[in-house]
Amino acid sequence: MGVVALVPAAGRGERLGYGMPKALVPVAGVPLLVRAVRGLFESGCVRHVVIAAPPSDVDVVNTVTAPLAPAGGAVHVVPGGAERSDSVRSALVHALRAIPGTTVVLVHDAARAFTPPEVVRAVVEAVRAGNPAVVPVLPVVDTVKEVDAGGLVVATPDRSALRVVQTPQGFDARVLLRAHEAASSATDDAGLVERLGVKVATVPGHQDAMKITTPFDLAVAEALLAGGGA
Ligand code: CTP
Ligand code: MG
């Protein structure tokens, strides 16, 4: 059963404010995208990766990621789109057209560059066990409030029933294609699949799979690396 990882990496990284696309920002000299793709291959269950790159950086992304592919595998690079979901859709369409036997797909943010390979394996195993959609999750540590447009609290959801969602998210490839054909936008791919009425399963995520969004997150990643973590 072929597992192909789609890596949306075409964002501008505006909240990080580094002056270049976030995927190319180095941590200890190694771009986030390179770390993310390396982690996928290190899981041992991914042979092909399709990266949605910033359209003006397709060549440089090709150059830095092509050497990461294992024997019998490859890195494919396509231009990303205006929204994350456009980038995922482009990568998915490429995978289904160009990589024979694509039955399971992972969608993994380049910004989650320090995701441990065991999280990748857990997601793939859960899809292989028959779940059409799988997301890694963590418990919510803060109490969460729902507020109205004026900032007044309207509800306090039961925290024990809430989860923070990470990537890689794993899917039956045909289910993800149907979800992307049916809807245009969501903050994660499982959200699109939920709208089809398909059940989404969860597996334990990991703190190191945090999304690098702000300069604070980058500082945390650098500190973890310096301390021998991540
Ligand atoms: N992404 C993408 N195509 C887009 C927007 C985002 O492939 N049009 C990717 C990003 O490169 C990132 C992931 O989706 O790997 C999650 O997005 P986010 O963390 O929001 O990254 P950016 O959009 O780059 O950051 P910002 O929103 O701060 O500009
Ligand atoms: Mg964004």
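A residue is near a molecule or strand if one of its heavy atoms lies within 4 Å of it. In this predicted model, local features need pLDDT of at least 70 and side-chain atom pairs count only at pLDDT 80 or more, whereas totals for chains, interfaces and linings use all residues. Residues are numbered from 1 along each chain as its sequence is written, chains are lettered from A and ligands numbered from 1 in the order in which they are written, and side-chain values use heavy atoms, without hydrogens and water.

Ligand 1 is surrounded by 18 residues, the closest being Pro8, Glu14, Lys22, Ser87 and Lys211. Polar contacts (pairs of N or O atoms within 3.5 Å) link oxygen atoms of the ligand to the backbone: a backbone N or O atom lies 2.7 Å away in Glu14 and 2.8 Å away in Arg15. Of the 570 Å² that ligand 1 exposes when taken alone, the protein buries 87% (Shrake-Rupley method, 1.4 Å probe).

Ser87 also belongs to the buried residues of helix H3, with Ser85, Val88, Ala91, Leu92, His94 and Ala95 (buried: under 20% relative accessible area, 1.4 Å probe, protein chains only). Helices (H or I, at least four residues) and strands (E, at least two) are DSSP runs, numbered from the N terminus. The buried residues of H3 pack against strands E1, E4, E5 and E6 and helices H5 and H6.

Strand E7 (residues 133-139) is largely enclosed by the rest of the structure, because five of its seven residues are buried. E7 pairs with E12 in the parallel sense over four bridges (pairing requires at least two DSSP bridges), and Val137 has Pro204 as its partner there. Three bridges join E7 to the antiparallel strand E10, where Val137 stands opposite Val165.

Definitions and conventions: Buried < 20%, exposed > 50% of the residue type's maximum accessible area, 1.4 Å probe, protein only. Contact = heavy atoms within 4.5 Å. Polar contact = N/O pair within 3.5 Å; in protein donor to acceptor, adjacent residues only side chain to side chain.
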